[in-house]
Amino acid sequence: MSNATSTLQAFRASLLHFHADPAFSEHAHAWHEDGLLVVEDGRVKAAGDHAALAPTLPPGTPVIDWRGKIITPGFIDTHLHFPQTDMIASPAPGLLPWLDTYTFPTEGKFTDATHARVVAEFFLDELLRNGTTTALVYCTVHKESVDALFEASSARNLRMAGGKVLMDRNCPDFLRDSADMRDSEELINKWHKRGRALYAITPRFAPTSTEAQLAATGELARAYPDTFIQTHVSENRDECAWVGELFPERRSYLQVYEHYGLTRPRAMFGHCIWLDDTDFALLADTGSAIAHCPTSNLFLGSGLFDMARADKAKALVSLGTDVGAGTSFSILQTMNEAYKVARLKGSYLPALRMFYLATLGAARSMQLEGTIGNFAAGAEADFIVLDPKATPLLARRTAGAESLEETLFALALLGDDRAIRATYAAGRLVHDREEMLAA
């Protein structure tokens, strides 16, 4: 692995990035078949055609040759649980029994700081192996879990967001928190905007928070308006019915969060399957965003997210793996399932749209456009090198591709971690597949 760059360097490959949403703009992406990405001090200096940019490079500028590959901005995963890494692929008949049988016991182990550090290291390595350079991460109720995540991500100089889970009812005693926000506030002051770390205020979901805790969470969010908020909403019908029993005075599950001041820009709501039009409009009006988690929704039998309905409301949408109910760390595999869910709901999700959702769409959902998500000048140089020939089947299919859409569609439907040839964070190589395989 190379050291952090402090000099000019360039990367030659096909380049793809976005400046608009392909669902609403005919000219949403930039594609340079023989492209050059120029990076200086960890930020994008320029991106465009090699023929135009190469003559502008000072003599002796190192040019890393990735021809035959596609460079895109790093993937952004807007919903996953790092403590659940060790319980991925655990069988259960539904969300609520899955939480009781696997999730809560697994998260209880994070009182041990050493255990938290070991899982955090593996978790981040797995993200980078799958081309994810930014994630919005749930930790556990333990401060040690948050420290472990940010210590590990800071050592790799990654743009990561995460936070301590809040829950003070309907959970085991060994995970029960309180309405006292001092731990969360200390963590915000310790980690938010320290290096590339960002803090997310994290009530697990409405059923595990008392009204007192939700009220305190809203007060904390108002006190720190540039933090993130992340939680779950309308994932499962049984869960929705439970929320109705716990909060009978609220019109909908989402309205519980609105009542406590938790719908705002930088608020990310996982799942959003059973929302109605009023709820989708509320998300759009408040600048709140949706993390669509198809592998998790299919695994738990929760339901099918309605992308067309979200688009009609002009709500912000992104993709989440939702590890460990999600069945893969791979955003490519998440695209695969998102495509199928859209078809089952009677709509169609083009490959260009899926790559937008995983890059600039996610950055916009997190209010981080201009920082990450595309190759605009000055953006942080987080990017990945995709290999269209990573497997024999991919190589055979992409050799016959007659358009960019076909090539990207093949990567989304047939690709996984093997298609991620390399991952860069702030211009520094943080994952090299060949180096990993040789180790």
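Student: Before we look at single residues, what does it take for a residue to be called buried here?

Tutor: Buried means under 20% relative accessible area, exposed means over 50%, and partly exposed lies in between. This model is predicted, and in it E337 has a relative accessibility of 19%, so E337 counts as buried under that cut-off. The residue belongs to helix α12 (residues 331-344), and, leaving aside residues up to four places away in sequence, E337 touches P294, T295 and L298.

Student: How many of the chain's residues are buried, as a percentage?

Tutor: Buried residues account for 62% of the 439 residues in the chain. The accessible surface comes to about 16000 Å², and 50% of that surface belongs to carbon and sulfur atoms.

Student: How many helices and strands does the chain have, and what does its radius of gyration say?

Tutor: The secondary structure comes to 17 helices and 16 strands. The radius of gyration is 21 Å, close to the 22 Å that the globule rule gives for 439 residues, so the chain is as compact as a globular protein of that length. Taken along the principal axes, the C-alpha atoms fill a box of roughly 65 × 45 × 35 Å. Among contacts with a separation of 6 or more, 75% are between residues 24 or more positions apart.

Student: How should I read a pair of aromatic rings?

Tutor: A pair of aromatic rings is described by the distance of the centres and the angle of the planes. A search of the whole structure finds 15 aromatic pairs. One of them joins Y257 and F269, whose centres are 5.5 Å apart with 50° between the planes, a tilted arrangement. This pair links distant parts of the chain, with Y257 in helix α8 (residues 253-259) and F269 in strand β11 (residues 267-271), twelve residues apart. Y257 has 0% relative accessibility and so counts as buried, and F269 is likewise buried, with a relative accessible area of 0%. Elsewhere, F82, F110, F123 and F329 form one aromatic cluster.

Student: Which charged residue sits over the ring of W191?

Tutor: The charged end of R194 sits over that ring, 4.3 Å from its centre. W191 is also one of the residues that F150 touches, in a list that includes M160, A161, L198 and Y199 and leaves out residues up to four places away in sequence. Although F150 and W191 are 41 residues apart in sequence, their C-alpha atoms are 7.4 Å apart in space. F150 itself lies in helix α4 (residues 143-155), and its relative accessibility is 0%, so F150 counts as buried.

Student: Where do the side chains of a strand point, and what does strand β14 show?

Tutor: In a regular strand the side chains alternate between the two faces of the sheet. Strand β14 (residues 383-386) is covered on both faces, since F383 and V385 on one side and I384 and L386 on the other are all buried. Strand β4 (residues 63-73) pairs with β14 in the antiparallel sense over four bridges, with F383 as the bridge partner of P73. Four bridges also join β14 to strand β15 (residues 420-425), again antiparallel, and here L386 stands opposite I420.

Student: Which strands form a hairpin?

Tutor: β2 and β3 form a hairpin with two residues between them, and D41 in the turn has a positive phi of about 50°. Strand β2 (residues 29-40) and strand β3 (residues 43-49) run antiparallel and are joined by six bridges, with V38 opposite A46. Ten bridges join β2 to strand β1 (residues 8-18), also antiparallel, and L8 has E40 as its bridge partner.

Student: What backbone values should make me look twice?

Tutor: Most residues other than glycine have a negative phi, and most peptide bonds are trans. N157, which is not a glycine, has a positive phi of about 55°; N157 lies in the loop between α4 and β7 and is partly exposed, with a relative accessible area of 34%. H271 has a positive phi near 90°, but H271 lies in strand β11 and counts as buried at 0% relative accessibility. As for the peptide bonds, the one from V323 to G324 is cis, with omega near 10°, and G324 is found in the loop between β13 and α12.

Key: Residues numbered from 1 in each chain as written. Predicted model: local features only at pLDDT ≥ 70, side-chain atom pairs only at ≥ 80, totals over all residues. Heavy atoms only, no water. Phe/Tyr/Trp six-rings, centres within 6.5 Å; stacked < 30°, edge-to-face > 60°. Buried < 20%, exposed > 50% of the residue type's maximum accessible area, 1.4 Å probe, protein only. Lys NZ or Arg CZ within 6 Å of the ring centre and 35° of its normal. Rg over C-alpha atoms; globule rule 2.2 N^0.38 Å. Contact = heavy atoms within 4.5 Å. Areas by Shrake-Rupley, 256 points an atom, 1.4 Å probe, with all protein chains shown as cover. Pairing = 2+ DSSP bridges.
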